[in-house]
Amino acid sequence: MKTLEISPDRHTGDLLSTIGETLRAERNERGLTLKQVAEGAHVSVSYLAEIERGEKDPSSRVLESIAGGLDVEVSELLVRIASAMEPAPVVPVTNSLAA
Amino acid sequence: MRYTLAPISRADAEEISGWRYDGPYSVYNGDPGSVNSLLEPRFLYHSVRDEDGDLVGYFCFGDDARVSAGRRLGLYDAKPALDVGLGMRPDLTGHGFGEAFVRSGLRFARKTYSPPAFRLTVATFNRRAIRVYEGVGFESVETFGATRRTGEKDWLLMMRDAEEEPPYIPKK
């Protein structure tokens, strides 16, 4: 019998690594280098790389700056982070209102 | 001092990615995670060595010397020019080596790429670098980007002719 593989990380919700992984995914999706995003965000390449690895905890202000460096709205970035943490599909607002 | 440029090697990229700068210049700190982008052929990263063969800095030419805010504003399409990016080894900065270092990179780029002009984008807080660029003939074109707390914008775009060497003016 095939067992369903559930990654424990997803459920314990390691926020810091999810933030880091999401930032890296967003950067790669745009084909941007660490240097390019770091410059736009006014942080060092080393600091951005540490955040992407989940080693450093970015403040909300830094997260805002990085969003700027990625040229994405910080609200959009937070939605991406949230959906990376919670694998369950989000119920569309219209459906929940209709229910 | 004579400086020599050559295409970057992995060993040099690894060394450069570990360089750490003091104070406000820490925004230029690298990371091992960026080694691969330093080795990306289209970014044209070059190592710079002194007469003893010691690694003293790097240059990049083209796309990685541009910043996103400038791209978005179309500043790099206004005039044809080769964008120049560079960095010196942290212990060598602030000692007056900058002009000779930059001149060596421009000389190499002139011979190798025959560009119509040189352009660079520098952070406005980095007055030390701006002085060096002015010293080798770069002129300010415009500032752009977000407005800093100091009231000035983030970036300064500078340009100079590719061919003409600026006259040597002895410092008083």
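**Exercise 1.** Work in the predicted model. Which residues is Tyr58(B) in contact with, leaving aside its neighbours within four places in sequence?

*Solution.* Leave out those sequence neighbours first. Tyr58(B) then contacts Ile8(B), Ile16(B), Tyr45(B), His46(B), Ser47(B), Val48(B), Leu86(B) and Gly87(B).

**Exercise 2.** Place Tyr58(B) in the largest nonpolar core. Which element gives the largest share of this core?

*Solution.* Start with the members. The core has 36 residues, and Tyr58(B), Phe61(B), Val84(B), Leu120(B) and Tyr133(B) touch the most other members. Next, list the elements. Those giving two or more residues are α1 (10–17), β3 (55–61), β4 (82–88), α4, β5 (117–123), α5 and β7 (153–161) of chain B. The largest share, five residues, comes from β3(B). A second, separate core has 15 residues, including Leu23(A), Ile51(A), Ile66(A) and Leu70(A).

**Exercise 3.** Describe how α4(B) packs on α5(B).

*Solution.* Take the geometry first. Helix α4 (residues 98–113) and helix α5 (residues 127–135) of chain B pack at about 60 degrees, with axes 9 Å apart. The two helices are therefore oblique to each other. The crossing of α4(B) past α5(B) is right-handed. Now the residues. Gly98(B), Glu99(B) and Val102(B) of α4(B) meet Val132(B), Tyr133(B) and Gly135(B) of α5(B). By class, this contact has three nonpolar, two polar and one charged residues.

**Exercise 4.** Analyse the side of chain A that touches chain B.

*Solution.* Count first. Chain A supplies 13 residues to the contact, and chain B supplies 13 residues. On the chain A side, α3 (34–41) and α4 (45–52) each supply at least two residues. α3(A) gives the most, with five residues. Then sort that side by class: four nonpolar, six polar and three charged.

Technical notes
Residues numbered from 1 in each chain as written. Chains lettered and ligands numbered in written order. Predicted model: local features only at pLDDT ≥ 70, side-chain atom pairs only at ≥ 80, totals over all residues. Contact = placed C-beta atoms within 7 Å. Helix = DSSP H or I, 4+ residues; strand = E, 2+ residues; numbered from the N terminus. Nonpolar A, V, L, I, M, F, W, Y, C, P; charged D, E, K, R; others polar. Axes fitted to C-alpha atoms, helices over the stretch in contact; angles between N-to-C directions. Parallel < 35°, antiparallel > 145°, perpendicular 65-115°, else oblique. Left-handed = near helix turned anticlockwise from the far one by under 90°. Core = buried A, V, L, I, M, F, W, Y, C linked by C-beta atoms within 7 Å. Buried ≥ 20, exposed ≤ 12 C-beta atoms within 10 Å, placed from the backbone.
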